[in-house]
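The exercises below ask you to read salt bridges, burial and nonpolar packing from a set of coordinates. Work through each task with the structure open before you turn to its solution.

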Amino acid sequence: MEKMARVSTALGGNTLTGRTMFCHLDAPANAISVCRDAAQVVVAGRNIFKIYSIEEEQFVEKLNLRVGRKPSLNFSCADVVWHQMDENLLATAATNGVVVTWNLGKPSRNKQDQLFTEHKRTVNKVCFHPTEVYMLLSGSQDGYMKCFDLRKKDSVSTFSGQSESVRDVQFSIRDYFTFAATFENGNVQLWDIRRPDRYERMFTAHNGPVFCCDWHPEDRGWLATGGRDKMVKVWDMNTTRAKEIYCVQTIASVARVKWRPECKHHIATCSMMVDHNIYVWDVRRPFIPSAMFEEHKDVTTGIVWRHLHDPYFLLSGSKDSTLYQHIFKDASQPIDRANPEGLCYSLYGDLAFAAKESLISSDSNRKPYIGDRRHPIFFKRKLDPTEQFEYISSSSALSVFETDVESGSMDWFVHTAKQYALAGRPLAELCDHNAKVAKGLDRNQVAQTWTMLRIIYSSLGTMSSTNLNHSMGKGSTTLPLMNSFNLKDIPSGLGSESRLDRSKGESRTENILMDSSSTLINNEDNEETEGSDVPADYLLGDVEADEDDLYMMDHENPHAEEQEYSLPQEAFPLRHEIVDNPSALDHLQDKADSPHVSGNEAETVSLTPVESFSLISISHSLYENRLPSDFFNPIVRDTLLFYAEQGDVQTAVSVLIVLGDRIRKEIDEQTQEHWYTSYIDLLQRFQLWNISNEVIKLSTCRAINCLNQASTTLHINCSNCKRPMSNRGWICDRCRQCASMCAVCHHVVKGLFVWCQGCSHGGHLQHIMKWLETSSHCPAGCGHLCEYT
Amino acid sequence: MEEREGELRWDGLCSRDAATRAAALDNVGQAVLRRSQSVAPGRAAGGLPAAAVRDGLSEALVRLLMLSKRCPFRDVREKSEAILSSVQELGIRIPRPLGHGPSRFIPEKETVQVGSEDAMMHALFADSFATLGRLDNVTLVMVFHPQYLESFLKTQHYLLQMDGPLPLHYRHYIGIMAAARHQCSYLVNLHVNDFLHVGGDPKWLNGLENAPQKLQNLGELNKMLAHRPWLITKEHIEQLLKTEENSWSLAELIHAVVLLTHYHSLASFTFGCGISPEIDCEGGHTFRPPSVSNYCLCDITNGYHGVDDVHASPAASIPTTESVCEVEALMEKMKQLQECRDEEEASQEEMATRFEREKRESMFVCSSEDEESAPTRDVSRHFEDTSYGYKDFSRHGMHVPTFRAQDYSWEDHGYSLVNRLYPDVGQLLDEKFHIAYNLTYNTMAMHKDVDTSMLRRAIWNYIHCMFGIRYDDYDYGEINQLLDRSFKVYIKTVVCTPEKTTKRMYDSFWRQFEHSEKGQTTLPPLPLLTTPSAPQVHVNLLLVEARMQAELLYALRAITRYMT
């Protein structure tokens with residue numbers, strides 16, 4: 001038994017053995033405590049007070065301390081503690097406010113030794129001094145703590161917390177004179193046992209009652225507290241101000257905390273309500289308990305480590321009337337079931353990804369990142385050598401992917417937003433204008449879309465077929481392939497996560513569409529496979545520089561369609577999982593050429609829609625047949641949906657506004673509203689307030705339209721009394737003075753008010769400007785040197 | 001229809017903005033005057049059904065009357081009064097308030113007059129008015145203790161209006177159910193209005209059997225909570241929560257339980273302080289000229305006929321001189337108890353029996369006025385099983401184990417459960433209990449710097465004792481020493497059968513303080529507080545909160561047991 005062997009070393013020969021076991025008590029337990037030699041445990045509750053010996057296989061009842069015909073309330077224990085120096089000595093706190101000591105050495109059946117009836121209310125906690133045999137401390141609901149000398153009949157000293165009920169008292173294990181007390185109002189106090197007049201130190205630890213505290217067995221200054229606010233906090237008392245060094249958030253109010261022996265950062269907790277489990281936390285990993293004991297059926301009321309130097313055996317008593325011995329190796333470890341991966345974007349578009357080291361390393365065996373500027377930065381947590389019980393799974397790696405600053409730029413968005421014309425001119429002109437704008441920004445597809453819209457919706461016959469042909473050829477877009485449109489200009493900041501997912505999914509379908517050669521592209525190992533060369537080069541050709549490096553692509557790719565390559569590329573911080581084949585996928589989509597083209601298999605690299613049948617011819621024939629213009633509505637609708645889906649809600653909304661009633665009915669209200677809100681949100685993030693307002697105004701959705709009619713009230717406070725001005729007028733109700741007077745002309749300022757943030761004087765914008773041209777002092781005469789910039 | 005168009009809009013009046021209020025009131029005023037003219041005597045009432053117009057008008061007039069008396073904003077008060085008098089000039093009979101002030105037990109002059117409140121009170125009034133659209137009598141009485149009132153209003157507002165698992169009309173309906181259990185027509189009226197206002201189905205008001213099955217299921221719990229909370233078991237909770245069409249979710253149930261207990265205890269307060277009907281509710285006003293008859297409907301409901309009860313409790317006849325001594329005596333006793341505690345240590349058995357005795361005695365402490373007054377005003381429609389009432393906890397034949405406060409306390413257990421299932425409410429209730437329990441001004445009659453904690457604790461524990469909740473660390477002998485019989489009668493009546501409270505009972509406890517104070521206006525003569533009548537209100541707050549906590553504890557314990 002390897003386990004046992006390790007235990008024995010920890011205990012220095014005094015081996016503890018046993019298994020997970022329990023016994024039924026006759027009544028719910030309130031508290032338990034162990035004897036120094038770890039062989040016996042005492043269980044106390046309202047209707048129970050017994051000593052059990054802990055055998056190899058079971059608990060054996062040793063002694064029932066609840067004797068007498070009519071048990072008095074003195075037996076109704078709220079707390080019990082076994083002396084760690086003298087194994088015959090026990091103390092209990094009774095619910096009626098009595099502190100009782102018990103001497104097991106007494107020959108009579110009744111072991112009751114002394115009664116201290118000094119507390120007026122329930123005693124919540126008793127505590128023996130760790131090294132002094134005769135010193136006992138109690139904390140009570142009445143707000144007092146009392147120190148008893150067991151050789152005397154009365155208390156030696158009384159400590160008044162001055163702040164409500166005392167919930168826990170604990171002698172410091174290291175400092176002879178110090179003890180900590182926790183209170184119902186959230187305070188923790190430190191006392192010197194020699195100075196009963198006032199506490200040494202007090203701080204507010206929790207919001208609401210602090211139910212328990214425990215000194216760290218080794219680290220002198222560490223105190224753990226648990227409260228009703230569901231927190232366990234570890235305080236460092238060495239500094240002048242108690243400093244919170246760790247905080248664990250549990251799911252229910254914390255009833256008990258106990259440091260795990262021999263494990264510096266482990267602490268066991270149980271809760272007061274609702275949650276019946278016992279958790280052992282590593283305070284450095286506050287989000288997931290490192291071990292969990294789930295045996296109890298009702299709340300656990302008492303926990304104690306069986307031996308001072310043994311971290312494997314935990315005893316617990318519960319309201320469900322059972323006493324358990326938990327063995328650490330039987331504990332369930334939630335970490336096993338957890339999914340230890342995390343993904344997060346930074347403000348600047350950097351992506352951090354953390355995962356178990358094992359996952360990362362197996363992944364990076366392929367070393368796809370070598371030479372990459374975006375090589376992930378790895379952080380590995382070193383195992384703490386002092387921590388002998390560290391879990392292997394706790395080592396994890398963090399990768400950070402930086403984004404190319406330029407590629408994240410959204411200039412095109414801003415420009416487009418500024419230059420688009422949305423209303424005020426005939427449709428054809430609007431379309432032309434917008435097409436030009438898009439073209440100017442090298443967004444050929446969008447330009448194309450605008451041109452097509454114009455063809456579809458504006459009067460016929462105005463456009464020559466050559467003209468059409470020309471534009472079509474350039475854009476390399478064909479109507480049947482509409483669905484494979486791809487935009488380069490997806491706003492990368494927002495919603496990129498979803499886009500990633502989506503593109504992942506989409507790429508799969510495209511892979512299916514594609515012939516084997518292009519599928520192989522994704523597989524780096526097979527990069528050289530025949531047939532893949534040209535399409536691969538083409539597909540990957542216009543990756544941004546860094547990705548090119550990554551794939552060691554041939555950059556001198558001599559293929560045509562230069563205009564294609566010059567398209568602005570919005571790079572994407574790629575998600576870790578798909579880093580394997582990121583560029584390939586992206587390009588499949590980014591390129592306007594479709595599976596259709598690549599599917600043509602051939603060495604035909606040309607993208608001109610030579611083979612694909614052209615829209616122009618079709619539309620021409622259609623128009624000649626005088627088809628109604630709404631014939632194309634479904635297609636236009638699909639286009640818009642597609643753009644929105646791609647994340648280019650700008651195009652979708654702009655088209656929607658320009659086309660107005662022509663298309664509005666085709667798209668359901670909610671989608672429209674959704675587009676509008678996203679676009680407006682985007683505009684506002686780029687601080688394009690005027691444009692966003694224009695969009696709001698032009699929108700036909702009622703919900704959007706009323707956006708700029710809401711919260712148009714401006715609330716002001718009176719500058720004298722700082723209260724809100726409830727009146728409409730310019731006179732404050734309360735102080736009967738005019739608010740916001742101009743310091744120059746002494747009239748009420750009703751328009752723009754400018755004031756100095758230094759002296760808070762101010763006035764009409766014009767007046768202040770004029771004043772400060774000639775003088776640098778405040779016009780109010782306060783002597784402040786105001787600045788106007 | 002022109003009348004529809006002239007529909008009165010009152011909502012602007014709740015605004016904090018004086019201009020908005022003025023505008024709203026102007027509209028109201030014009031509409032009222034227009035209508036008044038159309039029904040004014042001497043004018044043929046056009047083609048319109050005069051009766052309907054008159055109905056609508058009197059409703060509006062009553063509302064104006066209420067505003068003129070009970071609006072925290074002076075402008076509104078004055079304006080409504082002006083409108084009323086101009087209506088009167090048209091020869092239309094205007095209503096006048098019945099009763100005297102917000103409470104029948106407290107002389108009107110002692111209550112806080114709207115308009116003369118201090119800044120803190122005004123802020124509270126304004127808050128209350130802005131959220132509820134009225135300033136109810138309960139608020140006017142509670143304002144004796146502004147600190148508590150603030151917490152109370154906050155809690156009530158959260159329970160009724162803020163986010164919560166139950167829909168708004170359910171909340172008011174549950175309030176009605178709870179208040180009806182105690183035949184508290186005051187609260188029922190109030191919430192019937194609110195219920196309709198938030199869009200509740202008027203049909204439900206015809207009786208519980210017309211409400212959805214889900215609410216009907218709650219009836220049983222309501223009944224037990226109100227009268228015998230110790231009988232609630234986890235089976236009852238199970239019954240409500242078991243999965244079926246009309247089942248409750250845990251969060252909803254907690255919300256409902258908090259509402260039920262809130263309104264049970266508020267009913268206690270209403271009766272305990274003799275809250276008068278609201279001016280704009282039935283029984284709060286009359287169109288009749290004064291002097292015809294001087295009692296209001298509610299008095300009948302409550303068995304108070306304005307005539308002295310024959311079974312006056314003996315305490316009522318204590319002569320004045322003796323009373324003064326009694327304050328001294330009470331204080332002396334408290335001092336003694338404080339000092340002698342350690343010496344005279346009662347044996348454990350003694351302590352145990354003291355609780356039992358107190359429990360048993362509380363059984364005999366009951367008002368001699370046991371006349372069954374049938375609930376009037378269709379209040380009874382809202383609950384079933386009218387015969388179910390408070391049965392003494394320790395009545396023979398029934399053995400219910402004592403509830404040990406240390407095993408299930410509000411601070412440790414109740415709070416966590418409530419806060420878990422209905423976030424923030426635990427905190428609000430905790431604050432409220434805390435304020436009520438710790439409210440003290442350290443005065444007692446003319447004595448200052450008195451520690452009243454003992455007395456407060458005695459009252460609190462006595463109430464819990466009646467519900468069978470025992471504190472191990474309390475010597476129930478203290479209760480006997482500190483609370484005299486007439487006081488106990490009052491406490492018990494208010495807590496257990498509030499509908500039977502009479503002014504006589506109210507006057508009979510601590511009347512000595514009242515008497516002792518006669519003729520003095522400057523010296524604060526009352527035991528716990530500085531304002532006249534405030535101590536009685538203070539006691540009522542203690543009763544209310546203690547009762548609410550007791551009910552909550554039983555209900556929450558059952559829920560906890562269900563959950564484990």
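**Exercise 1. Which residues are linked with Arg46(A) in a network of salt bridges?**

Solution. Keep in mind from the start that this is a predicted model. Beginning at Arg46(A), the network takes in Arg404(B), Asp407(B) and Asp472(B). As general background, side chains of opposite charge can pair when their charged atoms come close. To place the network in its setting, note that the structure holds 33 salt bridges over all chains.

**Exercise 2. Locate the partners of the salt bridge between Arg36(A) and Glu87(A), and decide how far each is covered.**

Solution. First, check the distance: the closest N and O atoms of Arg36(A) and Glu87(A) are 3.8 Å apart, which satisfies the cut-off of 4 Å for a salt bridge. Next, find the two positions, for this pair links distant parts of the chain: Arg36(A) is in the loop between β2 (31-34) and β3 (40-44) of chain A, while Glu87(A), 51 residues apart from it, is in the loop between β6 (77-82) and β7 (89-94). Finally, turn to accessibility, where buried means under 20% and exposed means over 50%. Arg36(A) has 42% relative accessibility and therefore counts as partly exposed, and Glu87(A), with a relative accessible area of 37%, is partly exposed as well.

**Exercise 3. Are Asp79(A) and Arg256(A), which meet in a salt bridge, buried or exposed?**

Solution. The side chains of Asp79(A) and Arg256(A) meet at 3.8 Å, N to O. Asp79(A) belongs to strand β6 of chain A and Arg256(A) to strand β22 (residues 254-259), so that distant parts of the chain, 177 residues apart, are linked by the pair. Both Asp79(A) and Arg256(A) are buried.

**Exercise 4. Which helices of chain B hold Glu431(B) and Lys154(B)?**

Solution. Start from the salt bridge itself, in which the closest N and O atoms of Glu431(B) and Lys154(B) are 3.5 Å apart. Glu431(B) lies in helix α17 (residues 425-438) and Lys154(B) in helix α7 (residues 146-161), so the pair ties together parts that are 277 residues apart in sequence. As for cover, Glu431(B) is partly exposed at 30%, and Lys154(B) is partly exposed at 43%.

**Exercise 5. Describe the make-up of chain B and then examine the largest nonpolar core.**

Solution. Chain B contains 23 helices and six strands, and 57% of its 564 residues count as buried. The largest nonpolar core has 158 residues, and those with the most contacts inside it are Leu218(B), Phe269(B), Ile459(B) and Ile491(B). Helix α23 (residues 534-563) of chain B gives the most to this core, with 16 residues. Looking beyond residues up to four places away in sequence, Leu218(B) touches several others, including Ile174(B), Met177(B), Trp248(B) and Leu260(B).

**Exercise 6. Where is Ile176(B), and how far is its C-alpha atom from that of Leu187(B)?**

Solution. Ile176(B) sits in helix α8 (residues 168-181) of chain B. Because its relative accessibility is 0%, Ile176(B) counts as buried. Although Ile176(B) and Leu187(B) are eleven residues apart in sequence, their C-alpha atoms are 7.1 Å apart in space.

Methods
Residues are numbered from 1 along each chain as its sequence is written. Chains are lettered from A and ligands numbered from 1 in the order in which they are written. This is a predicted model: local features need pLDDT of at least 70, side-chain atom pairs count only at pLDDT 80 or more; totals for chains, interfaces and linings use all residues. Side-chain values use heavy atoms; hydrogens and water are left out. Helices (H or I, at least four residues) and strands (E, at least two) are DSSP runs, numbered from the N terminus. Buried means under 20% relative accessible area, exposed over 50%, partly exposed in between (1.4 Å probe, protein chains only). A nonpolar core is a set of buried Ala, Val, Leu, Ile, Met, Phe, Trp, Tyr and Cys residues joined through side-chain atoms within 4.5 Å. Contact means heavy atoms within 4.5 Å.
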